[in-house]
Amino acid sequence: MTVDLAIIGAGPAGMAAAALAAKLGLDTLLVDEQDTPGGQIYRGIERVPESSPNTSPFGADYLAGRPLVAELRGSAALYRPGTTVWHIDPAARAGGTLALVADEHSESVVARRILLATGAIERPVPIPGWTLPGVMTVGAAQILLKTADLVPEGRTVLAGQGPLLYLVALQLARAGAPPAAVLETAPHANYHAAAARYVGELWAGRRELGKGLALMLGLARAGIAVRRGVRELRVLGRHRAEGVAWEGGEIATDHLFLHEGVIPNTQISLGLQLTHRWDECQLCWRPVVDDWGRSSHAGIAIAGDGAGIAGAVAAALSGRLAALDAAAALGRISEAERDRRAAPIRAGLAPERAIRPFLDALYRPSDNMLNPSDEVIACRCEEVTAGQIRRAVRLGASGPNQVKAFLRCGMGPCQGRVCGPIVSAVIAGARGVPIAEIGTYRPRAPYKPITLGALAGVEVFPHQIANNTEDSLP
Amino acid sequence: MFRPRPDSPAATIAVEVEGRVVLVLAGASAAAAALMAGLSSIRDTPVGGSERAPYCMMGICFDCLAEIDGVPNRQSCVVAARPGMRIRRQRGARIVAIE
Amino acid sequence: MRRCDAIVIGGGLVGTAISYGLARAGLRVVLLDEGDIAYRASRGNFGLVWVQTKGLGAPHYQRWTRRSAEEWPSLAAELEERTTIDVGLEQKGGVQLCLSGDELTKRRAMMEQMRAEAGNFGFEYRMLDHGELAAMLPGLGPSVVGGSWTPYDGHANSLALFHALHKGFAAAGGTYLPSCTVTQVSATPGDFRIAAGSESVEAPKIVLAAGLGNAELAPLFGLNAPVRPQRGQILVTERTARVWPIPLGSIRQTPEGSILLGSSEEDVGFDTSQNPEIMQTIARRAVLSFPWLAELQIVRAWAALRVMPPDGLPIYDESERFPGAFTANCHSGVTLAGAHARLFAPMVASGTLDPTLAPFSGKRFDVPAAA
């Protein structure tokens, strides 16, 4: 199969790009590993009935996902849910070949243009005890609420920093499960730094600021205690989370939800060896893209939070810019037309992006988030501690790939998605050099696990091979 | 561990978690069903035998690996619950059934 | 300027094994290595300690491999004692599977030739039929018609070996300098000065063990090491309860439970990207060999570059123009670790290579001058 544009990820960026690309006459394929569209921010959005009033426990922002899904469903784009990309072979000229798997069947698709729209993931929060059952991310709590209408039973504490922390605390309260406490880890110094440096942007981003203040008021009205400047967080409990402690206090809890912001999901963009840079403000690796989303490889673009955190509204807008650019590159519209249509989109993007530096400074993780103590597990899959990594560095392992060779961190099922930032930060700290110099893992195919049978092109279940000769494979 | 929120519509998908039947909403994941069934942990790690439960719920951390309908090590947070689905804890490395 | 008894260039399996052996022999060694991102065959290999396919038509190589396999158990024990790292050596024999009558015939002929060429050294092997293999290897597929078995083969955890050699080297007083790619070389007989990264080192002996980098380095020392890259791809499954007691030529299960599947031989230059078609070929042969493998998930895979001499045999040499300069090149860094640490290193320490290594000299590639 050959398409004009293959889009990976059915979140706001992917959905907006797919709908517009199809409208502009491009043969468009949108794949996503989830069964339903929406990505993470609009996860479960199709469950919200059309007839329900324009309010939702998740707020108007969440409902903004509905028209995006409707546009996608109504477009000529081919949408394949439940489909995982396990390899992309970039073509020398532009675009590339995607290896897909769905229901144990493997297929390859040639795409003249590729758009990665894989969004964001939670920054890992490596505090002592973070691998215990009962500890989840704040995003996980929201996903359970959105997709399954589930709320935690018993005592709940949220800890960390960033807008999502307050948003979910309020959403849980509205869903009848108010948290016992919210522990904010933003160092006091952040407030001054943020306000002082970015006072100019505060006006441009006033709508976001207004939302933030409304959140804080909502929490106060719901009677949820917020403790600020919390340091040295650690989870208490042996087989399960039983409480959470910090410098100067502790509280019993059955559930602990952590959040230290979100970072771009760069698994595929790093796997493709696209150029990335370390963003010292957002404290993450992000692919280098131009203002159309074009990456360092011809015909491969990135839109949405996967290129840099800017939120859902910006994601949809940047998806549309990428669609316009792809259409112009493939000759469906002229460049003048592309630029004309892009102008209002860029105008919409500006305020969304304006507030980011302020938020990034305000919610910059405290140093010990990037420098866990020795006993803390850094690689959850292979159970490798930060101390083991420091010892490997002393033995001469100078970067994440050498450390991986010594200790196996990054070799487990998650393939470094969770531990990558931690390992780079620990190595940087141990060597006394900036993280930008350390680099990160090089992800390989399969980007997600694929059965040997699907790879071989045989029936996976059941596994008998029909004939008794060596030529029995199709 | 997790319960439905008060004004949730009636759950209709019946799945079995470690032999216990629970009802979840259409669109809920197998991991959500496991949490709702009260499983304290969903797997024992193959490396150290540590107990783990779902962490990210979005297919990134792989801590939600469970045996679903007899197939081991599936990311239960990315698998939608279907009627009659059988979900069991993943106990360490998978066992292979060889005829 | 650092001064030492021996400089080793290259911190992969070959370089660290030799460095370890030199340090254990009492030399002060400086090991120069590249940084985190480098070709590093050591990070991409399969982990076999494999004898039965080595040295067909080249008895000296067959013998060198056998000697290395014999050194392996004591090397492993010594490393565990000195570093507490268990390199996971299992040396109970190995099998090469044949998936057609034709393959089996060829393999039988190869084994016979190995035995004939081994001469007094001896070469023990058995050809096994499907039934005998099936008793040994649960889940064997009907497509497997037979295979060859020798008692000398085995496997180890190559990354643990790598870690242990580094740790053992440091414990024996060795100095490891990473992120030090060689920039300048000054060579005179018995005196070598190297500028690498921000370091400069001087020693009367030097060993070039830089893998693919040796091709460029060797001539600077009057040596010839025309190695070229050969790509291979490997697939790794999720961890599974232990099924097989022994490794096969392109399938093995680690004690931790992961199953490694290989392999391929691709001539693509320095390209380390993966190729789904090759991965599919590896998958198909694996599933033909053991149909139940189809259900297992591949959780990771990679492509790496073997360090391949023109005839596939190792290149060991000492420089005539610059006595004190040596080189070691091979694509079997795991199998030959025993030889490198315990046979080759002592030769370097003594100042000259054993005559038994003469057939491995790079001079064998010299084109004779036209008459």
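**Figure 1. Chain C on its own.** Of the 371 residues of chain C, 55% count as buried. Keep in mind as you look that this is a predicted model. Chain C is built with eight helices and 19 strands. Lay its C-alpha trace along its principal axes, and it spans about 65 × 50 × 40 Å. Is that what you'd expect of a compact globule? What radius of gyration would such a globule of 371 residues have? It would be near 21 Å, and chain C has 21 Å, so the two agree. Look also at who touches whom: among the contacts in chain C with a separation of 6 or more, 73% are between residues 24 or more positions apart.

**Figure 2. Domains 2 and 3 of chain C.** The domain assignment splits chain C into domain 1 (2–49 + 159–227 + 312–365), domain 2 (94–151) and domain 3 (228–308). Here we zoom in on domain 2 of chain C and domain 3 of chain C, whose C-alpha centres are separated by 20 Å. Where they meet, domain 2 of chain C puts in 12 residues and domain 3 of chain C puts in 11 residues. On the domain 2 side of this contact you'll find seven nonpolar residues, five polar ones and no charged ones.

**Figure 3. Where chain C meets chain A.** This contact takes 40 residues from chain C and 37 residues from chain A. On the chain C side, the elements giving two or more residues are α5 (158–171), α7 (276–289) and β17 (297–308). Which of them gives the most? That's α7(C), with eight residues. Sorted by class, the chain C side has 23 nonpolar, 11 polar and six charged residues.

**Figure 4. A strand pair across two chains.** Strand β23 of chain A, residues 450–451, is joined to β17(C) by two bridges, and the strands run antiparallel. To find the spot, look for Ile450(A): its bridge partner in β17(C) is Ile298(C).

**Figure 5. Chain B and its contact with chain C.** Chain B has one helix and eight strands. Follow the sequence along and you read β-β-β-α-β-β-β-β-β. The C-alpha trace of chain B spans about 45 × 30 × 20 Å along its principal axes, and 52% of its 99 residues count as buried. A compact globule with 99 residues would have a radius of gyration near 13 Å; chain B has 13 Å, so that agrees. In chain B, residues 24 or more positions apart make up 40% of the contacts with a separation of 6 or more. As for its neighbour, seven residues of chain B are in contact with 10 residues of chain C. The chain C side of that contact divides into four nonpolar, four polar and two charged residues.

**Figure 6. Helix α16 of chain A.** This helix covers residues 419–431. Why should it span 18 Å? At 1.5 Å a residue, that is what its 13 residues should cover, and the end C-alpha atoms are indeed 18 Å apart. Since 10 of the 13 residues are buried, α16(A) is largely enclosed by the rest of the structure. The buried residues include Cys419(A), Pro421(A), Ile422(A) and Val426(A). Just after the helix comes Gly432(A), with a positive phi near 70°.

**Figure 7. Two domains of chain A.** Chain A is divided into domain 1 (2–121 + 263–333), domain 2 (124–260) and domain 3 (371–438). The C-alpha centres of domain 1 of chain A and domain 2 of chain A are 29 Å apart. Five residues of domain 1 of chain A are in contact with seven residues of domain 2 of chain A. The domain 1 side of this contact has two nonpolar, two polar and one charged residues.

**Figure 8. Some backbone oddities.** Most residues other than glycine have a negative phi, and most peptide bonds are trans. Now for some exceptions. The peptide bond from Ala445(A) to Pro446(A) is cis, with omega near 0°; Pro446(A) sits in the loop between α17 (435–438) and β23 of chain A. Another cis bond joins Gly262(C) and Ser263(C), with omega about -15°, and Ser263(C) is in the loop between β16 (259–261) and α7 of chain C. Then there's Glu232(A), not a glycine, yet with a positive phi of about 55°. Glu232(A) counts as partly exposed because it has 14 C-beta neighbours inside 10 Å.

Conventions. Residues numbered from 1 in each chain as written. Chains lettered and ligands numbered in written order. Predicted model: local features only at pLDDT ≥ 70, side-chain atom pairs only at ≥ 80, totals over all residues. Helix = DSSP H or I, 4+ residues; strand = E, 2+ residues; numbered from the N terminus. Expected span 1.5 Å × (residues − 1). Buried ≥ 20, exposed ≤ 12 C-beta atoms within 10 Å, placed from the backbone. Domains from an automatic or database assignment. Nonpolar A, V, L, I, M, F, W, Y, C, P; charged D, E, K, R; others polar. Pairing = 2+ DSSP bridges. Rg over C-alpha atoms; globule rule 2.2 N^0.38 Å.
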